[in-house]
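These are my notebook entries on a few sites that I looked up in one structure. I kept each entry short.

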Amino acid sequence: MTDHAPSERVSSEQTEIWTGRARNRGQWLLACAGAACLALGIDLAVEALWPSGILPLIMSIVGCIAVGLLILFGTLAFVHVAVKVDEDSLEVRCGHIGVPRRRILLSHIVGAEFAPAVTPRQWGGWGYRWRPEQGTAVVVRRGEGVVLMLGDGRKFTVTVDNAEAAVRIIRDRLRAAGSAPA
């Protein structure tokens, strides 16, 4: 995974801002399943010809619509992730609307490491994950990622393309601030 599109940007103030993304096209299949459940619920509501009564019909409609919305929005939130490192923070935004979002000040970071192989299996699946022994992660696909060691002893991992560049920039910023060893 060393072939990457250019992801380093420089703003007009001559401050380097690094941006990176990661995508998971497989999540679209789950989103389609959610849309199918939603369509089934709507179809049941429109047809509404159940001889067994109104209560089973209402339960079926509400169930299909609820499951469809949960699957649809749950998967679309983690189809891609955008990571931005600026002069004072690292920001992670998920999905098309940028939620969930996490902003970590560089002053709260004590170290950064490159992880060449982060897998959903290590974290129990895709999405925003927490494991007591590993910390918190945003995993949208398998592959390289950034592991941040925070000042309170916790770790934060995010899968992103060109993670080596992000780690290099974070370490440079920490060194410039005097909060990390060279």
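Entry 1. I listed the contacts of A22, leaving out residues up to four places away in sequence, and found V79, H80, V81, V140, R141, T159, V160 and D161. The model is a predicted one. I placed A22 in strand 2, which covers residues 16-23. I then asked whether A22 is buried or exposed. Its relative accessibility is 0%, and because the cut-off for buried is under 20%, A22 counts as buried. I also checked a pair far apart in sequence: A22 and N162 are separated by 140 residues, yet their C-alpha atoms lie 9.2 Å apart in space.

Entry 2. I turned to R141, one of the residues that A22 touches. R141 sits in the loop that joins strand 8 (135-139) to strand 9 (143-150). I noted a relative accessible area of 8% for R141, so this residue is buried. Which partners does the side chain of R141 reach? I found the backbone oxygen of V160 at 3.3 Å and a polar contact with the side chain of D161 at 2.6 Å. Both V160 and D161 also appear among the contacts of A22.

Entry 3. I checked the length of helix 2, residues 54-76. With 23 residues at 1.5 Å a residue, helix 2 should span 33 Å, and the C-alpha atoms at its ends are 33 Å apart, so the two values agree. I recorded L57, I61, C64, G68, L72 and T75 as buried in helix 2. I then looked for what covers these buried residues, and the cover includes helix 1 (27-47).

Technical notes: Residues are numbered from 1 along each chain as its sequence is written. This is a predicted model: local features need pLDDT of at least 70, side-chain atom pairs count only at pLDDT 80 or more; totals for chains, interfaces and linings use all residues. Side-chain values use heavy atoms; hydrogens and water are left out. Helices (H or I, at least four residues) and strands (E, at least two) are DSSP runs, numbered from the N terminus. Buried means under 20% relative accessible area, exposed over 50%, partly exposed in between (1.4 Å probe, protein chains only). A polar contact is a pair of N or O atoms within 3.5 Å; within protein, one must be able to donate a hydrogen and the other to accept it, and residues adjacent in sequence count only if both atoms are side-chain atoms. The expected span of a helix is 1.5 Å times one less than its number of residues. Contact means heavy atoms within 4.5 Å.
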